[in-house]
Amino acid sequence: MRVFSEEDLKWLSLIECVKETGMPLKGIKQYIDWSAEGNSTLEKRLKMFEQHKVNIDKKIALLEKNKSRIEYKIGLYKRAVKVGSLEKVLEEEKANKKQL
């Protein structure tokens with residue numbers, strides 16, 4: 001059985017976090033290397049995390065956009081199931097758009 005120190009667990013947690021949010025393994029290794037170098041790399045590490053946050057924000061925005069499209073389709077199919085026809089629902093939507 002392997003025993004991890006509190007410090008090991010903190011590193012593993014951080015690695016899991018950045019990996020799950022899309023940081024490439026090369027970036028994770030670079031961060032670890034910079035951390036080992038100490039305070040002389042603080043700015044590099046700050047910039048790395050700032051850029052990673054920008055990348056995460058872009059992914060979240062794309063996911064939200066796609067989620068909205070999926071929610072639209074769910075609503076569309078719920079209405080189609082209720083009336084028994086996708087074509088009727090699409091015709092209603094088309095007529096409603098003309099009215100706008």
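## His52 and its surroundings

His52 is buried, with a relative accessibility of 8%; the cut-off for that label is under 20%. Keep in mind that this is a predicted model.

His52 belongs to helix H3, which covers residues 42–83. Setting aside neighbours within four places in sequence, the residues in contact with His52 are Val18, Thr21, Gly22 and Met23.

## Overall fold

Helices are what you get here: the protein chain has four of them and zero strands. Going along the sequence, that reads as α-α-α-α. The radius of gyration comes out at 24 Å, well over the 13 Å that the globule rule gives for 100 residues, so the protein chain is more spread out than a compact globule.

For the dimensions, the C-alpha trace spans about 65 × 40 × 20 Å along its principal axes.

## Burial and contacts

Back to burial, now for the whole protein chain: buried residues account for 16% of its 100 residues, and His52 is one of the buried residues.

As for contacts, take those between residues at least 6 apart in sequence: 26% of them join residues at least 24 apart.

## Surface and charge

The protein chain exposes about 8,700 Å², and 59% of that is supplied by carbon and sulfur atoms.

On the charge side, there are 22 positive and 16 negative side chains in the protein chain. The centres of these two sets lie 7 Å apart.

Methods: Residues are numbered from 1 along each chain as its sequence is written. This is a predicted model: local features need pLDDT of at least 70, side-chain atom pairs count only at pLDDT 80 or more; totals for chains, interfaces and linings use all residues. Side-chain values use heavy atoms; hydrogens and water are left out. Helices (H or I, at least four residues) and strands (E, at least two) are DSSP runs, numbered from the N terminus. The radius of gyration is taken over C-alpha atoms; the globule rule is 2.2 Å times the number of residues to the power 0.38. Buried means under 20% relative accessible area, exposed over 50%, partly exposed in between (1.4 Å probe, protein chains only). Contact means heavy atoms within 4.5 Å. Accessible areas come from the Shrake-Rupley method with a 1.4 Å probe; for residues, only the protein chains shown count as cover. Lys and Arg count as positive and Asp and Glu as negative; His and the chain ends are not counted. The place of a charge is taken as NZ of Lys, CZ of Arg, CG of Asp or CD of Glu.
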